[in-house]
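Here is a brisk look at how the helices of one protein pack together. Keep the structure open while reading.

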Amino acid sequence: MSGAASATPHAPDGLTHAALLSKLCSPSSSSSDRLIAAHRLNEAFASCASLRDAEQLARQLCTDALCHALVRLAADADELSELSLHLMINLTAHAHAHARLAAAGVLPVLVACVRLAEPHVQLPGLALLSLLAEEPPLIPALLRAGVCKLIANLCTRLDARDVHWLLEIAEAVLEAPQTLRPEHSQQLLQALQPMAQEGARERLGDRDARRLSRVLGLLAVTTTAVPKHLVQSAKSSHSMPVPAAPLAWS
């Protein structure tokens, strides 16, 4: 029987998952104790032998109390707060984790964290945003949290190899156009239009360039402000699958 499905599951250091959850969720736990507990639970996901084991572990761990505790830990802006982001990414192996994290208030905290963070926090934050954006019911809350402004803010700051996170989030948002306001479309347009210019496009690589074409095509549906020469026909743009964030057990 796998560790994720055993009656008394243990983390790699021998502590039970219940004991680690207690440390993470207890108001009396120190910040260092909570970070250590998050790290141990991430190690438990890393030891999963299969996706099924990871799903079972996420189902066991994903409680409302844990989601609130992880959001608080991320909001503390500790230099190791990315441990909480990685654990939230791992929890999304469970289908209900996205909604529970959103209910715990992760979206505004995450957007603020990613905007100001160093790359070691920023990239797992973007990966988590990409996963949350795959859930259409969460798009209105993402927009209220300022995700379009975040994309505009980061477009010129991210390394070209990391821009795919922004394109994935933008594509997910544009798949629910009924939730967009004109200012959202304009923010995305101002951020992404320069990336389609000659020279800038080559920096993206083929896959991201195709995704950019698709995003601009979706933008054309929501606004008439996109210059026609920047928008490729949706028929010639391939719909790229949204890759999952790098889970610990993958």
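This is a predicted model. Start with the contact between helix 4 (residues 64-75) and helix 5 (residues 82-91). Their axes come within 9 Å and cross at roughly 150°. The crossing of helix 4 past helix 5 is left-handed. Helix 4 brings Leu 66, Leu 70, Leu 73 and Ala 74 to the contact. Helix 5 answers with Ser 84, Leu 85, Leu 87, Met 88 and Leu 91. By class, eight of these residues are nonpolar and one is polar, with no charged residue in the contact.

An α-helix has 3.6 residues a turn, so residues three or four places apart point the same way. Look at the helix 4 side of this contact with that in mind: Leu 66, Leu 70, Leu 73 and Ala 74 are its members.

**A second pair**

Helix 7 (residues 106-116) packs on helix 10 (residues 147-154) at an angle of about 10°, and the axes lie 10 Å apart. Helix 7 is therefore roughly parallel to helix 10. On the helix 7 side, Val 111, Val 114 and Arg 115 make the contact. They meet Lys 149, Leu 150, Asn 153 and Leu 154 of helix 10. This contact has four nonpolar residues, one polar residue and two charged residues.

The geometry of the two pairs is set out here.

| Helix pair | Axis distance | Angle |
|---|---|---|
| Helix 4 and helix 5 | within 9 Å | roughly 150° |
| Helix 7 and helix 10 | 10 Å | about 10° |

**An enclosed helix**

How many residues of helix 11 are buried? Twelve of its twelve residues are, so helix 11 is largely enclosed by the rest of the structure. The buried set includes the charged residues Glu 168 and Glu 171. His 164 and Trp 165 are also among the buried residues. So are Val 163 and Leu 174.

What do these buried residues pack against? Their partners are helix 8 (119-133), helix 9 (139-145), helix 10, helix 12 (182-192) and helix 13 (206-222). Helix 10 thus appears in two places: it meets helix 7, and the buried residues of helix 11 pack against it.

Helix 11 spans residues 163-174 and reaches 17 Å from its first C-alpha to its last. That is close to the 16 Å expected at 1.5 Å a residue.

**The whole chain**

The protein chain has 13 helices and zero strands. Of its 250 residues, 50% count as buried. Among contacts with a separation of 6 or more, 71% join residues 24 or more positions apart.

Key
Residues are numbered from 1 along each chain as its sequence is written. This is a predicted model: local features need pLDDT of at least 70, side-chain atom pairs count only at pLDDT 80 or more; totals for chains, interfaces and linings use all residues. Side-chain values use heavy atoms; hydrogens and water are left out. Axes are lines fitted to C-alpha atoms, for helices over the stretch in contact, and angles run from 0 to 180 degrees between N-to-C directions. Helices (H or I, at least four residues) and strands (E, at least two) are DSSP runs, numbered from the N terminus. A crossing is left-handed if the near helix is turned anticlockwise from the far one by less than a right angle, and right-handed if clockwise. Contact means heavy atoms within 4.5 Å. Angles under 35 degrees count as roughly parallel, over 145 as roughly antiparallel, 65 to 115 as roughly perpendicular and the rest as oblique. The expected span of a helix is 1.5 Å times one less than its number of residues. Buried means under 20% relative accessible area, exposed over 50%, partly exposed in between (1.4 Å probe, protein chains only).
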